[in-house]
Amino acid sequence: MSQYKLVRCNINGKDVERMVDVRASLTDMLRNDYRLTSVKKGCEVGECGACNVLIDGEAFNSCIYLAVWADGKHIRTLEGLMGPNGELSDIQQAFIDETAIQCGFCTPGFIMSAVEVLESGELYSREELRKRLSGHLCRCTGYENILNAVEKTMKRRHGIPVD
Amino acid sequence: MYDMKALYEAESVSDAIRLRLEHPEAQIIAGGSDVLVQMREGKRAGKELISIYGINALRGVSIDGDEALRIGSLTSFSHITRDPLIQRYINVLGEAVDQVGSPQIRNIGTIGGNTCNGVTSADSASTLHAYEAIVELTGKNGVRRLPIKDFYIKAGVVDIRAEEGEIQTAILIPKASYENTFGHYIKYGMRNAMEIASLGCSVNVRLSPDKKTIERCRIAYGVAGPVPMRAPSAEAIANGSALTEEMVTEFALSVLSDINPRDSWRASKAFRQHIAVEMARRALIASIEKAGGVIA
C-alpha cells in the first residue's frame, strides 16, 4: 500500500507543491517530479556528493534526505543558478575556464557546495576550501582544478585580483 | 525509493512518544545518515520508520536553570561547531564533531543520532564521556536522565526504553564539568574526510588557579573497546600532579592498563595500543596549552 504526502516547498525561487510517495528521497522527487536532472544519482548512500543541493542555504546530500522533509523548505539546485537569459554564473564559468570539468557528473554537486562557500562571505584558505569541498568525489580531474575554480571565484567576489 | 513499510512523522516530543508506543517495531530516524544508508543496504529494509527530524524544539544549544549546557538531540554537527555557547564552554566538542564525515553529513547528522547508534567510533562520544555528559530521555513516564557511561550498554545497544516510548531529547553538560575546563580531541583515520575513526581520543583538564598543577584531568576513547570508555588509571596519574614531561609520559603509558582495543580490518590491536599512547600524550599536552599551562 502506497503512502503519499503533500509536500509544499520552494524550489529555485518558485513555490511548488506535489503529492509525494513517502518512500522517495529528495533526489527522487527533484529528478522525477520536477525534472531537475542536475541532481545526480551517484552512490545513493551519502558518500559521493553528486546529489548535493542547498536546503535553507546549507548543503545536503539529497539521496539520504527524505522528500517529505522538504516540506516548507527552500531548495536550490544547479538549475537555479542560471541567469534570466540563460547565462552561466561566475562559478560555472570558472569551472569551464579552469578545466575543472571532464565528464561532468560530479560538477553540479561540487558547484552547489561552492555556492554555499561563496555566499558565506568568508575568505577561506586553500586548506579550508579543501575541507569545505571534501564531501565530493571526482574521478576525472584530480581536484586541483576544482579548487582553483572555487578559490579564484571566491577571491574575485572579494575583489582580490587573481591571475 | 526507499524500501520502507511505512513512515510516521512526529511533530512534537509527545507525538513521538505516542507513535513509539503505537508502533513498537518501528525504527526512529533523526537525520537518517545511518538509518537510511542501512535501509538502502538492505539491513533495515522493509521496516517502519518514525521520523523525529521535524521536531524543531529538539534543536539548538542553551544554558538551562542549573547552568548546564543543554544540547538538543537534533542539533546538527555543523550547528554545534558554529554555536557560540559550545565555542565558549566546550569548544573541543565542536572540533570533534567537525571531523565527522563530510560537510553535507555534518549538516544532516545529529548528536542524538550519533549517540543513540551506540557505536564506539562516534566522533562525539569520547568527548561526551570525557565531560561526563548526561543523556536526557523523554517517555510516557516523563524525563529520565542518566550518565552517558550508563547510557551505553554494549556495542550498538543503548539504554532507551522503547516500551516506555522513550526518545533522546537532549544531552546535558553540567557546569561543574565544563567550567574552567579545556580539551582537545584527536581522531586517527586513514584519510581526512568520509572516514570512521580507527581510534579517537578526547582529553580535558582544569588547572589550578596558578596554572602549575592539574586539578582535574579526564580522558576518554572511542574504538578502544566495544563502547566509548574513560581511562581511569591515566586520570589518577594526572590529577593533582605538576605539569612535567615525566607526568605526561607516565599518563600516556598508563592508558594501556585501561583500554581494550580489538583487531579489525581498519587497524590491529597492537597498532591501536601504539597510537593510543601517543594520542593521549599529544591530547594532554594540547589541553594543558589551551588551559594556559606550561609543561616544565
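# A tour of chain B and its contact with chain A

Begin by selecting domain 2 and domain 3 of chain B in this predicted model: 19 residues of domain 2 of chain B are in contact with 25 residues of domain 3 of chain B. On the domain 2 side, colour helix H5 (91-97), helix H8 (125-130) and strand S8 (152-154) of chain B, each of which supplies at least two residues of the side that touches domain 3 of chain B. H8(B) gives the most to that side of domain 2 of chain B, with five residues. Sorted by class, the side of domain 2 of chain B that touches domain 3 of chain B has eight nonpolar, eight polar and three charged residues.

Now widen the selection to the whole of chain B, whose domain assignment gives domain 1 (4-51), domain 2 (56-176) and domain 3 (182-290). If you mark the C-alpha centres of domain 2 of chain B and domain 3 of chain B, you will find them 21 Å apart. Shown as a cartoon, chain B has 13 helices and 14 strands. The radius of gyration of chain B is 19 Å, close to the 19 Å that the globule rule gives for 296 residues, so chain B is as compact as a globular protein of that length. Along the principal axes, the C-alpha atoms of chain B fill a box of roughly 60 × 45 × 30 Å, and 54% of the 296 residues of chain B count as buried.

Next, select the open sheet of five strands in chain B, which has the order S4-S5-S10-S6-S7 with antiparallel pairing. Strand S4 (61-63) and strand S7 (142-147) of chain B stand at the edges, each with a single partner strand, so one side of each is left without a neighbour in the sheet. Looking across the sheet, neighbouring strands are turned by 25° against each other on average, direction ignored.

At the S4(B) edge, zoom in on the pairing with strand S5 (residues 69-72) of chain B, which is antiparallel and runs over three bridges; here B:Ser62 stands opposite B:Arg70 in S5(B). Then add helix H1 (residues 13-22) of chain B, which packs on the sheet and touches strand S6 (134-139) and strand S10 (167-173) of chain B. The direction of H1 of chain B makes about 130° with that of S10(B).

Finally, bring chain A into view: the contact takes 26 residues from chain A and 22 residues from chain B. On the chain A side, strand S4 (residues 58-61) of chain A provides the largest share, four residues. The residues of the side of chain A that touches chain B divide into 10 nonpolar, nine polar and seven charged.

Methods: Residues are numbered from 1 along each chain as its sequence is written. Chains are lettered from A and ligands numbered from 1 in the order in which they are written. This is a predicted model: local features need pLDDT of at least 70, side-chain atom pairs count only at pLDDT 80 or more; totals for chains, interfaces and linings use all residues. The radius of gyration is taken over C-alpha atoms; the globule rule is 2.2 Å times the number of residues to the power 0.38. A residue is buried if 20 or more other C-beta atoms lie within 10 Å of its own, exposed if 12 or fewer, and partly exposed in between; C-beta atoms are placed from the backbone. Domain bounds come from an automatic or database domain assignment. Two residues are in contact if their C-beta atoms, placed from the backbone, lie within 7 Å. Ala, Val, Leu, Ile, Met, Phe, Trp, Tyr, Cys and Pro count as nonpolar, Asp, Glu, Lys and Arg as charged, and the others, Gly among them, as polar. Two strands pair if DSSP finds at least two bridges between them. Axes are lines fitted to C-alpha atoms, for helices over the stretch in contact, and angles run from 0 to 180 degrees between N-to-C directions.
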